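Open the model in your viewer and keep the sequence panel visible. This tour goes from one selection to the next and says what to look for at each stop.

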Amino acid sequence: MKLLYQQMLAFFAVIITLVLVFGALFLNFTSDMVYKNTWTQLEGYSDSLMSESMVLKTADSKTEFNLNLNNLRNAESILKTQNVRFTIYTKKSKIIYPYNAVQDNITKEQWAQLEKGEVVHRTPHANRQLKTDMKAISMTDILKPYFYNGKLYAVISVGASVSNIQANMNQMTRNLVIAFIVSVIAGIILSYLLARYSVSRINRLRRATRMVADGNFDVHIESRHRDEIDDLAQDFDGMVSSLKESEKEIKRQEDRRRQFMADAAHEMRTPLTTINGLLEGLAYDAIPEESKGKSIELMRSETKRLIRLVNENLDYEKIRTNQITLAPSTFDSVVVINNIVEQLTKKSVEANDQIELSVPKNLMVFADYDRFVQVIFNITQNAIQFTESGTIHISAERGYHESIFRITDSGIGMTEDQLKNIWERYYKADPSRKNTKYGESGLGLSIVHQLMQLHNGKVEVVSSEGKGTTFMLTFPDQDESLLINN
Ligand SMILES: Nc1ncnc2c1ncn2[C@@H]1O[C@H](COP(=O)(O)OP(=O)(O)OP(=O)(O)O)[C@@H](O)[C@H]1O
Ligand SMILES: [Mg+2]
């Protein structure tokens, strides 16, 4: 059964029970009252009959009384108009007035009560009906004893028709029935309104729950702290906000994971391509005997770099907390540059590009070795990628407490607008270019940017469309780097 009906039924049951119980009590009480009043009135009649119409005569030890018939007749005719009859007894079955009275039964018990001086009240029942004018009238009467010198000498019974009382009671019952119907209708309306109010608050919670279940966490339920439903609403609100938080955290971690995966794949592609190229060269004997040792050495170092990359990038905790830790050291950057140039030679030949180097014999740089390789490799690879039959110039020099690297190409260059966006992830100035051979996912420069920030270094670009581009990378020396770090 729906909650609405359950609640309505409960309210309704309470209202109906109250009306019925109070109605019954009220009817009972009123009927008692009406009878008591009538009996008091009848006792009054009896007393005045006694004083007005009966004359006591005491002679010697004998007590007698005479009836004042005139008074009695007058009284009888007056009372008759009010449907009141009286009978005077001297003994249990001896009626001395009226003369034509129908014998009414006074039971033994009643007579015994009368002898004790008690007034007997009788409510109507079948054998106390006065048959007059062809119709039976139900009567209620009292029997009142009168004593002289401790001796019962007369009992007067005064009875009144109960039709008036009954009519009053019927009227009262009718009123009560009307009151009952009115309260039933009012009860239905009231219980419906009350139940609907509670149910609507519960439904509000249900709707909110459904929204949350559908993944909408922007649900807010106002609560006025009035009752348990409000408390529930408040708890619900708290639950939704923590769910929202968790959802955000899950999304954030998922984004980080995706970013890490994409970056890792981007960076692993290069050493894998190098190793693959060298292996193919070895397989087809395309590498001269004297270079073989060097090729194997390159493959070894690239494989090691790959392993470090995997360890570094796929560490779940690091992905979760979004931290990349650097392992900086001071090493000769010229060796690295030569290595990279060697790896990219094939690519530059394919693009008909000339690579020129102007580097000193040695140039120490303070950086994370693998990350440094990543940065220089990405920039140089871009330079070759965006230059057809041109020159790529790589220079390295010492600055003031820093090492400076410039990679200049004579390629397609970039417009101002394009320059603004190159650090964005997945940005490509010309999205129609799909050179999947070298990746071209638009990730390279965003990785470079992130890594240069971690090194407290700088990366600057100068470019003009159609003429070429220069990337300048600055790595602070150890002391400077520490200074900035602290
Ligand atoms: N040397 C350059 N000359 C001209 N445009 C460049 C140069 N370097 C980068 N760009 C522009 O900046 C964009 C972003 O470079 P980025 O290295 O981030 O991505 P990508 O090279 O397209 O792809 P990925 O490096 O992920 O394989 C490039 O698509 C290109 O339009
Ligand atoms: Mg690139």
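What follows is a tour of a predicted model, in steps.

**Stop 1: the annotated membrane spans**

Select residues 6-27 and then residues 176-195. The UniProt record, an unreviewed entry, gives both the feature "transmembrane region". How much of residues 6-27 is helix, and how much is strand? The span is 100% helix and 0% strand, and its end C-alpha atoms lie 31 Å apart. Residues 176-195 are likewise 100% helix and 0% strand. Here the end C-alpha atoms are 27 Å apart.

**Stop 2: helices α1 and α2**

Now select helix α1, residues 3-53, together with helix α2, residues 69-81. Two packed helices are described by the angle between their axes and the distance between the axes. For α1 and α2 the angle is about 155° and the axes are 9 Å apart. An angle over 145 degrees counts as roughly antiparallel, so α1 and α2 are roughly antiparallel to each other. The crossing of α1 past α2 is right-handed. To see the contact, show the side chains of Y45, L49, E52 and S53 in α1, and of N71, L72, A75 and L79 in α2. Sorted by class, this contact has 5 nonpolar, 2 polar and 1 charged residues.

**Stop 3: a hairpin**

Next, select strand β3 (residues 84-91) and strand β4 (residues 94-97). The two strands form a hairpin, with 2 residues between them. They run antiparallel and are joined by 3 bridges. To find one of these pairings, label I88: its bridge partner in β4 is Y97.

**Stop 4: the HAMP span**

Select residues 196-248, which the UniProt record (unreviewed entry) marks as "domain: HAMP". This span is 74% helix and 0% strand. The C-alpha atoms at its ends lie 37 Å apart.

**Stop 5: the open sheet**

In which order do the 5 strands of the open sheet lie? Trace them as β10-β12-β13-β15-β14; the pairing is mixed. The edge strands are β10 (354-358) and β14 (458-464), each of which pairs on one side only. From one strand to the next, the twist averages 15°.

Zoom in on β13 (residues 402-409) and β15 (residues 468-476), which run antiparallel and are joined by 8 bridges. Label S403 and look across to β15, where its bridge partner is F475.

**Stop 6: helices on the sheet**

Add helix α9, residues 369-385, which packs on the sheet. Helix α9 touches β10, β12 (391-399), β13 and β15, and its direction makes about 20° with that of β13. Then add helix α11, residues 444-454, which also packs on the sheet. Helix α11 touches β14 and β15, with its direction at about 25° to that of β15.

**Stop 7: helices α5 and α9**

Keep α9 on display and add helix α5, residues 228-283. The two pack at an angle of about 80°, with their axes 11 Å apart. Angles of 65 to 115 degrees count as roughly perpendicular, so α5 is roughly perpendicular to α9. Show H266, E267 and T270 of α5, then Q374, F377, N378 and Q381 of α9: these residues make the contact. What classes of residue are found in the contact of α5 with α9? There are 1 nonpolar, 5 polar and 1 charged residues.

How values were computed: Residues are numbered from 1 along each chain as its sequence is written. Chains are lettered from A and ligands numbered from 1 in the order in which they are written. This is a predicted model: local features need pLDDT of at least 70, side-chain atom pairs count only at pLDDT 80 or more; totals for chains, interfaces and linings use all residues. Side-chain values use heavy atoms; hydrogens and water are left out. Axes are lines fitted to C-alpha atoms, for helices over the stretch in contact, and angles run from 0 to 180 degrees between N-to-C directions. Helices (H or I, at least four residues) and strands (E, at least two) are DSSP runs, numbered from the N terminus. Angles under 35 degrees count as roughly parallel, over 145 as roughly antiparallel, 65 to 115 as roughly perpendicular and the rest as oblique. A crossing is left-handed if the near helix is turned anticlockwise from the far one by less than a right angle, and right-handed if clockwise. Contact means heavy atoms within 4.5 Å. Ala, Val, Leu, Ile, Met, Phe, Trp, Tyr, Cys and Pro count as nonpolar, Asp, Glu, Lys and Arg as charged, and the others, Gly among them, as polar. UniProt positions are given in the numbering used here, feature names are shortened, and annotations may be inferred rather than shown by experiment. Two strands pair if DSSP finds at least two bridges between them.
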